[in-house]
Amino acid sequence: MTDIKARFRLAYDDFSLNVDLSLPGTGVSVLFGQSGSGKTTLLRCIAGLEQAPKGYLKINGTIWQDSERKIFLPTYKRPLGYVFQDANLFSHLTVLDNLQYGLKRIKNNLGIIKLNQTIELLGVGHLLERMPSNLSGGERQRIAIARALALNPEILLMDEPLASLDLKRKQEILPYLSRLHQQLDIPVLYVTHSQQEVAQLADTLVILENGRCLASGPLAETQSRLDLPLAQDREAATVWQVHIAEHESDYHLTRVQFDGGSLSLSLVEAEIGSPLRVQIYARDVSIALTEPSATSILNVLPAVIKQITEGRDSQAVVQLKVGQQLLLAHITRKSLLMLGLRIGMSVFVQIKGTSILN
Amino acid sequence: MLSSADLDTLLLTFKVAGIATTILLLVGTPLAWWLTRTRSVWKGPINAIVALPLVLPPTVLGFYLLVLMGPTGAIGQLTNWLGLGTLPFTFYGLVVGSVLYSIPFVVQPLQTAFAMIGKQPLEAAATLRASPFDSFFSVVMPLAKPGFITATILGFTHTVGEFGVVLMIGGNIPNKTRVVSVQIYNHVEALEYTDAHWLAGCLLLFSFTVLLILYTQLKASTVTQPFK
């Protein structure tokens with residue numbers, strides 16, 4: 001189901017943007033790319049902060065821009081929430097006045113309830129009387145997110161909300177973002193250049209490069225596409241959505257279920273059945289032709305080879321399917337040759353390590 | 001002591017300065033905002049015109065105003081046609097002259113203050129449903145408050161001190177166009193040094209007090225300091 005349709009063409013002296021995107025109307029779509037890839041410009045076009053001379057934008061059935069019909073809804077008439085990279089709070093207003101600024105401008109009785117929920121969700125209740133200059137970077141960004149959400153927008157746009165924060169502050173905010181992810185029922189467009197944030201938050205991944213859209217699709221599918229540079233990266237990984245099946249407290253382990261199998265993880269403090277994102281790095285995956293009987297590795301799973309690419313150096317990348325999940329493995333070209341791996345072969349993968357994302 | 005004639009000139013001066021400053025703020029605010037935001041080719045020329053009174057001898061400005069507002073000048077003909085008569089040697093002629101004379105002292109601090117705000121707070125306001133008009137009043141004006149304070153003080157004090165323009169277009173008519181600076185000149189011409197001292201002292205004290213407030217009371221960081 002496509003609820004966001006965005007087509008923009010715009011050219012500056014040294015940069016041009018030319019994208020045509022269809023995105024789902026739910027979940028987090030991450031716009032990923034290096035600086036200069038056009039991801040922020042794209043987000044600004046969607047917000048109407050930038051007006052692309054040629055553009056078409058439809059959100060949830062409403063046209064926000066159609067240059068052919070000379071339609072351009074100004075930003076203040078678009079029911080969106082926008083989180084800027086540097087929070088961008090009003091320095092002359094208290095935190096509470098910042099949070100209420102937008103609410104005072106919409107006619108909506110639900111406003112106050114929504115505001116209170118948002119204040120609670122982001123844990124900013126103790127900051128309301130303060131001035132923005134007396135807040136830490138992380139607190140400021142949480143207020144900015146709350147301020148955008150309090151309006152009950154139809155779409156939330158976030159422009160690298162963590163980029164200006166140090167590692168500690170990032171770790172402080174990420175849990176809130178994950179919580180938002182689970183509780184929000186509106187689509188979120190999230191701009192970042194961080195693979196960690198992609199892994200943690202994305203449902204849909206859009207990869208931008210030089211103002212063009214390189215790829216766009218569900219996270220695991222896009223992550224494991226061998227024709228994209230992402231799969232070749234040293235940090236290449238796939239994220240699996242799993243559910244907690246049982247706890248093996250004796251061993252301090254948790255078993256999680258995915259579509260077509262299960263994995264053992266170190267103990268996760270969460271209820272049976274709750275969802276979890278697990279990241280598996282391609283470098284942590286090895287391949288065996290027969291089921292290894294004597295191995296210390298817990299997670300050995302049957303898999304089918306879907307695709308193979310050989311890099312120019314010693315490395316080869318193999319895309320596999322485990323149950324319904326896609327998985328990447330970085331192995332050496334020598335191993336590829338010695339094992340005689342081919343597309344369609346049934347093999348076993350050994351997963352040395354997993355990281356739990358939320 | 002100040003004579004009642006001297007007091008009258010003081011009152012008249014503050015009245016002219018008060019009205020002129022009010023007009024300057026009303027006209028100067030949109031003008032400064034436009035100059036800060038526009039990419040029009042007119043930005044340069046209009047900036048130059050606004051700054052002109054800074055460098056132009058007041059007598060030159062006064063001379064042109066006298067000619068323009070006189071019975072044969074363009075403004076004079078307009079005001080005559082409107083049934084207002086001609087402006088030179090009237091109180092309102094003085095106000096018009098003061099407004100033009102002090103315009104850079106109001107517009108430039110505002111321009112600096114507006115430029116310092118940048119476009120970011122406005123973008124935030126737009127994403128929070130505030131129309132451009134709304135965000136000017138709810139975001140730009142409060143953030144530019146130091147600039148408004150500076151502009152008001154400079155516009156007012158500068159008008160109080162004007163002499164050349166007044167002499168050219170206002171003359172020296174008691175209770176109508178005779179302002180403090182002209183009265184001091186009158187006293188000195190008549191060798192009434194004691195009276196000149198009293199008035200000059202008043203102005204010195206007034207100017208110093210205002211600047212003292214500007215530089216100390218208001219936090220240095222929040223005021224657009226005019227001369228650094």
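Which residue is the bridge partner of A:Leu320 in strand 19 of chain A? That was my opening query today, and I put it to a predicted model. I found A:Leu327 as the partner of A:Leu320.

**Entry 1: around that leucine pair**

I then looked at the two strands as a whole. Strand 18 of chain A, residues 315-322, pairs with strand 19 of chain A in the antiparallel sense, and I noted 8 bridges for them. Next I wanted the sheet they sit in. It is an open sheet of 5 strands in chain A, with the order 16-20-17-18-19 and antiparallel pairing. I looked up the edges too: strand 16 (285-288) and strand 19 (325-332) of chain A each pair on one side only. For the twist, I noted that neighbouring strands of this sheet are turned by 45 degrees against each other on average, direction ignored.

A reminder to myself: strands of a sheet pair through backbone hydrogen bonds, either parallel or antiparallel.

**Entry 2: strand 1 and its partners**

Back to the start of chain A. How many residues does the hairpin use to join strand 1 of chain A to strand 2 of chain A? I found 4 residues in that connection. Strand 2 covers residues 16-23 of chain A, and its antiparallel pairing with strand 1 of chain A runs over 8 bridges. Within it, I picked out A:Arg9, which stands opposite A:Asn18 of strand 2.

Strand 1 (residues 4-11) of chain A also pairs with strand 4 (residues 54-59) of chain A, in the antiparallel sense and over 6 bridges. Here I jotted down A:Ala6, with A:Leu57 of strand 4 opposite.

Technical notes
Residues numbered from 1 in each chain as written. Chains lettered and ligands numbered in written order. Predicted model: local features only at pLDDT ≥ 70, side-chain atom pairs only at ≥ 80, totals over all residues. Pairing = 2+ DSSP bridges. Axes fitted to C-alpha atoms, helices over the stretch in contact; angles between N-to-C directions.
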